[in-house]
Amino acid sequence: MGGSKASSSSSKTKTLPVLEECLTSLVQMDLNYVPNDAPIISLFNDRIRPVLDAVDRLRNMNLVDEGIQLPTIVVVGDQSSGKSSVLESLAGISLPRGQGICTRVPLIMRLQHHSNPIPELFLEFNGKIVPTEEQNISQAINLATDEIAGNGKGISNIPLTLAVKKKGVPDLTMVDLPGITRVPVHGQPEDIYDQIRDIIMEYIKPEESIILNVLSATVDFPTCESIRMSQSVDKTGDRTLAVVTKADKAPEGLQEKVTADDVNIGLGYVCVRNRIGEESYEEARIEEAKLFQTHPLLSKIDKSIVGVPVLAQKLVQIQASSISRCFPEMVKKINDKLNNNLTELNKLPKSMSSVAEAMTAFMRIIGSVKESLKKIILRGEFDEYTDERRFHCTARLLEMLNQYSEELHKSDHVSNFLMEEISNLEEAKEIALPNFLPRATFLTILQGKVTGISSIPMAFVDRLWDYIGDVVIAVLMRHVEDFYQLQLSARRAGHNLIAKMKERSMKWVMEMVEMEKRTDYTCNPEFLSEWNRLMIQKEGFIDAVLDAEKNTSKVNLEGYGEIEIGHLRQFPHLLHQAFDLRMRMIAYWKIVLRRLVDVMALHLQYSVHNLVDRDLEMEIVTELMTPHGGGIERLMEESPSVATKRSKLNGSVKKLQECKSVLANIMDRVSCFGD
């Protein structure tokens, strides 16, 4: 078994070099013209014909639609340049003729020499094959063209294939394109030139295309529109061959034209004589040979660049050379494209056909969503969103919490120092023992301070859940992007859940604020230690206020800096209580603010854990099971976009696999020749 595999592998590795050697031998072979046997003799052997058949088959399979170009001989020329006559001479058949544009669609001419004296001709278009007779070929082409491009004089980019199996024709495949005209005739669209140019450019732009530029000897080559087009895509002329027609009509200076090469024709020139009147193709070739041998001017042109047989030989050699050059890269591109499509196909969500499969997929999606949210919100792992800072949730949430704390801890205003306490003490007077600090006054001031900052926790909760909501929805959409039927339910469930969480948090914050207003309590020993520390300043402060001799206007007080005290001298009886009240409030307010931050952090962590571990899954399931949710069965529906993409990829994969099979068969046959 091992020996068999090694032998097979060795055979495959030799295939491409053998193919290249086989094609190269064709390029180098000499093609002789024998007038009495046939119009043109092509010496393709059994080693080469299958390769050309394979390329033609790939063309019929529209491999170009996959972005893979095929080696192609493209025939272009200005209107009335004699293009049809050249193709007739090569194929030995009559093509449509007349005024205006005769070729209205790309005509793929597939010529094949065979030994049977009876020709076989058929047309391929619109998915059908139409056999025809040689004497009726012109009419058959016209009828097929009308079916493709419509009656009239408009053009179309949809190709028509003409297969000609005839004794003596060269084994060639060429694409004949509409002749270039700038001025529309009656019945043609005003933009006929632009339409023709677009079709021509589409065919000659690929590097794999060989341009057969048909030029009339009666015109200056640099003025030809076909030359300008070919030069725009082949500036060096390395893939352009020029055929000069009507040599007998304008022999003067023709030798200089084709030898000077003012228009960069890298593959050279071939001068030909067009068939005249009722001449047979054999008679036309005899007259052509006689013309270039006896004409006083044309006989001076090198015999290696004159005559339709020479043109056929050059085209055969150029075609073989082009295939030899392009074949390995074409095989590689097909394999690469096939592998890429299979990878894309495997990335698509699996098509589900049962409720069990749908349930499994649903649980997998929920599990993936929960794991992603745990990583970015709870554990601070950002490998799924390395470059997206808004998904680095632990860092963003801490930043938001710190900002919330800073807003709460903004410094108190120091204007009218102690006046709030004094005002409240004045209103708390009663018939009772003096110098007792009324607790009601402390609570009144505390309630005012809590009310003053109550909007800050509410605003924080609003911002917090807006941010978490954006993250949750984004993660949800990422995990259900391949299940369009889940997207609406998941988004709706996410929005509903965030709204509930926000409402719940708002209610909790309001209760927390109300609790701080209702009573003053802490078991934190820092309250007393802080109050005692602040009270050390009491005697010095009161002395400064009551010292009439010094009449000090400002006092430096720890925690406040310099404060105005002149307004306090009129309340000597309340100074002790007011100062004590203020210091108690300072010590307690620190506890309150810290408590508002700490419990908010705990509430945040608790709420987010519940969201990820329990609430989100429950909300999605609930939403999916509602009448408008459609149930788990909706997962079995495939989105139009995914269905279209799957169908397109499947079609492409099937086509590429067939193309790969075609090439493999040819490579196997060629490798056999090399054994």
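**Figure 1. E7 and E8 run side by side in the parallel sense.** Two strands pair if DSSP finds at least two bridges between them. This close-up, like those that follow, comes from a predicted model. Strand E7 covers residues 209–216, and strand E8 covers residues 240–245. Six bridges link the two. To find one opposed pair, start at Ser216. Thr245 of E8 stands opposite Ser216.

**Figure 2. Nine strands build an open sheet with mixed pairing.** Read across the sheet, the order is E4-E3-E5-E2-E6-E1-E7-E8-E9. The edges belong to E4 and to strand E9 (269–271). Each edge strand has a single partner, so one side of each is left without a neighbour in the sheet. Neighbouring strands are turned by 25° against each other on average, with direction ignored. Helix H2 packs on this sheet. H2 touches five strands: E1, E2 (107–112), E3, E5 (160–165) and E6 (172–176). The directions of H2 and E2 make an angle of about 160°.

**Figure 3. The whole chain sets the scene for the close-ups.** The protein has 19 helices and eleven strands. It counts 675 residues, and 48% of them are buried. Take the contacts between residues at least 6 apart in sequence. Of these, 77% join residues at least 24 apart.

**Figure 4. The largest cavity holds about 100 Å³.** Its lining is made of 13 residues. Closest to the centre are Pro96, Cys102, Thr103, Leu107 and Ile141. Helix H4 (residues 137–149) supplies the largest share of the lining, three residues. By class, seven lining residues are nonpolar, four are polar and two are charged. The structure holds six cavities of 30 Å³ or more.

**Figure 5. The second largest cavity has a volume of about 80 Å³.** Which residues line the second largest cavity? From H2 to H9, the view takes in Leu52, Val55, Asp56, Arg59, Pro71, Thr72, Ile73, Thr173, Ile210, Gln319, Ser322 and Ile323. Three elements each give two or more residues to this lining: helix H2 (49–60), strand E1 (72–77) and helix H9 (308–347). H2 gives the most, with four residues. Six lining residues are nonpolar, four are polar and two are charged.

**Figure 6. The second largest pocket spans a volume of about 700 Å³.** Its lining comprises 28 residues. Nearest the centre lie Arg59, Asn62, Ile108, Pro159 and Tyr203. Five elements give two or more residues to this lining: H2, E1, strand E3 (120–125), strand E4 (128–132) and helix H5 (192–204). The largest share, three residues, comes from H2. By class, the lining has 14 nonpolar, nine polar and five charged residues. Arg59 also appears in Figure 5, where this residue lines the second largest cavity.

**Figure 7. Helix H2 ties several of these views together.** Which helix gives the most residues to the lining of the second largest cavity? That helix is H2, with four residues. H2 also gives the largest share of the lining of the second largest pocket, three residues. On the sheet, H2 touches E1, E3 and E6, among other strands. E1 gives two or more residues to the lining of the second largest cavity. E1 does so for the second largest pocket too.

Terms used
Residues are numbered from 1 along each chain as its sequence is written. This is a predicted model: local features need pLDDT of at least 70, side-chain atom pairs count only at pLDDT 80 or more; totals for chains, interfaces and linings use all residues. Side-chain values use heavy atoms; hydrogens and water are left out. On a 1 Å grid over the protein atoms alone, a cavity is a set of points where a 1.4 Å probe fits but cannot get out, and a pocket is an open set with protein on both sides within 12 Å along at least five of seven lines; lining residues have an atom within 4 Å of a point. Grid points are joined across faces, edges and corners, and a volume is the space filled by probe spheres set on the points. Ala, Val, Leu, Ile, Met, Phe, Trp, Tyr, Cys and Pro count as nonpolar, Asp, Glu, Lys and Arg as charged, and the others, Gly among them, as polar. Axes are lines fitted to C-alpha atoms, for helices over the stretch in contact, and angles run from 0 to 180 degrees between N-to-C directions. Contact means heavy atoms within 4.5 Å. Buried means under 20% relative accessible area, exposed over 50%, partly exposed in between (1.4 Å probe, protein chains only).
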